[in-house]
Amino acid sequence: VCIHAGTISDINYRRVNIDLSGVRILDCSIDTVRQLYNGMLNHDLLDELEERLEAEYRPVVEYQGHLWRLRRGGKAGFKFLLQNAEFGVVILIKNSHTTADRAGSHCKIEVSPKLIRDQSPDVLQHQMDELASGWFVTPPSPCGVAIHIAADWQGWVPPSDFVDRLTCRSQRVNDRSGFQSLEVTTGEVASVYGRGQSYTFGTVSSLQAALYNKSKEIIAHDKIDYFHGIWERKLDHDWQPIWNPDEDVWRLEFRFSQTVLRQFADYNTTADKKCNLSTYELVAEYLQPLWAYGLDRFRLDFNRRYLDPFWTVLLQDTEWCKPADDFIAKRKYKTAGIGNERNVALALGNLLSIYARNNITARKAWNCLKKSGLWRDLMGYIRARDLTKADLFDMIERGVLERRLTSKVAA
């Protein structure tokens, strides 16, 4: 493995005997998008939201063809919050730091990782623009965006001296138990959680880095199926999955605030060319340099002279591009047939009784089950018992026949 000195962009390498052949990059993704809009609010709509909150307990409102759970914005810095987790969008309305009768950044749209992955940047930007437009008397203008970009991998675990070897503006941290340490100096924060399972450096308002055990995080946030489905798509040269379900996945995430991206735009603006990074669609063009910048600002050193080889892997082996335009927007549900075996068995038995009562053949029952909403659970159910589809068909055929011959449902 080659390691190099200085910044992430240097090319002075030194060869050392470190084996990183087991490292597999599983995914590179945009994890979070928060788009901010500026304009003059429609006061009639604000009054309607206020009335609904005062008149109803946990009100649900309809907006642009979707249902939204309405509540107070609270600590988010906005007066109203509308959420639709199924759609994957949160809308924040009426900036608490600006009066409603003045133009300001009164709308923020936050979208989920799944929606970001499902849509190309231009399509998602259009969707966010449309969702924001209905709250203003005139079309609002995008005035800033914050994004989080992340890479997931297996085969490398943070060493015990990770914090000591990480070069950044944040103060070093000493591990303790539980919430192990938190130090705040000159606006920078560095923290370690859960006995070295999660590290955070920097502040939310600037550039923040987070390194954490993604396998444990998806369990805590009930996202197991979604991320397992993503990781298992990454194949090697023999078209075999490189993800090992029995090995922890780690994630490095860089969180770029609106302020940081605006500073990038200002630096790259010249007399001949204006650089605009106020929308997600525009920022998505620069993921690779943003990733390299994050690796440089939060740099893991091998020693005082050289960069850690793994940081070189993160720079050279990660591939950043826009989400595919032809990605199929189809939801992936929770693990089928696992943890709800009794419900699956009862539902199948009830359906077979109905099929028998209506003289439906086993073959037609098979086709009906595929469209019933139970099919994915049945597939998980038989996989957990090492059964095949042929075994399942025999069970269905025998079940329908037995009900016709011995029960009253066929009478």
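Where is the place of Val400? Select Val400: its place is in helix H14. Helices (H or I, at least four residues) and strands (E, at least two) are DSSP runs, numbered from the N terminus.

**Before you go on**

This is a predicted model, in which local features need pLDDT of at least 70, side-chain atom pairs count only at pLDDT 80 or more, and totals for chains, interfaces and linings use all residues. Residues are numbered from 1 along each chain as its sequence is written, and side-chain values use heavy atoms, with hydrogens and water left out.

**Stop 1: Val400**

Stay on Val400. Val400 counts as buried because its relative accessibility is 2%. Buried means under 20% relative accessible area, exposed means over 50%, and partly exposed lies in between (1.4 Å probe, protein chains only). Now show the contacts of Val400, leaving aside neighbours within four places in sequence: Leu352, Ala356 and Ile360. Contact means heavy atoms within 4.5 Å. Next, add Gly349. Val400 and Gly349 are 51 residues apart in sequence, yet 9.2 Å apart in space, C-alpha to C-alpha.

**Stop 2: helix H12**

Select residues 362–370, which form helix H12. Which residues of H12 are buried? They are Ala362, Ala365, Trp366 and Leu369. Look down the axis of H12: these buried residues fall within an arc of 105 degrees, so they line one face of the helix. The arc is that of the directions from the helix axis to the C-beta atoms. Now show helix H11 (341–357), helix H13 (375–383) and helix H14 (389–406). The buried residues of H12 pack against these helices, H11, H13 and H14.

**Stop 3: strand S8**

Move to residues 104–111, strand S8. This strand is mostly covered, with seven of its eight residues buried. Add strand S3 (residues 24–39), which pairs with S8 in the antiparallel sense over six bridges. Two strands pair if DSSP finds at least two bridges between them. Then add strand S7 (residues 89–95); S7 and S8 also pair in the antiparallel sense, over five bridges. Zoom in on Ile109 in S8. Ile109 is the bridge partner of Gln35, and Ile91 stands opposite Ile109.

**Stop 4: Arg24**

Pick Arg24, in strand S3. Is Arg24 buried or exposed? Arg24 counts as buried, because its relative accessibility is 18%. Its side chain makes a polar contact with the side chain of Gln154 (2.7 Å). The side chain of Arg24 makes another with the side chain of Glu247 (3.1 Å). A polar contact is a pair of N or O atoms within 3.5 Å; within protein, one must be able to donate a hydrogen and the other to accept it, and residues adjacent in sequence count only if both atoms are side-chain atoms. Not counting residues up to four places away in sequence, Arg24 touches residues including Asp152, Trp153 and Asn244.

**Stop 5: the cysteines**

Select Cys143 and Cys107. The sulfur of Cys143 is 9.5 Å from the closest cysteine sulfur, in Cys107, too far for a bond. A disulfide is a pair of cysteine sulfur atoms within 2.5 Å, and a search of the whole structure finds zero disulfides. Cys143 counts as partly exposed, at 25% relative accessibility.

**Last stop: confidence**

Colour the chain by pLDDT, the predictor's confidence in each residue, from 0 to 100. The mean for the chain is 82, and 83% of its residues reach 70 or more. Among the elements of the chain, strand S11 (residues 179–185) has the lowest mean pLDDT, 37, and strand S15 (residues 250–256) the highest, 95. Finish at residues 1–5, where the pLDDT is below 50.
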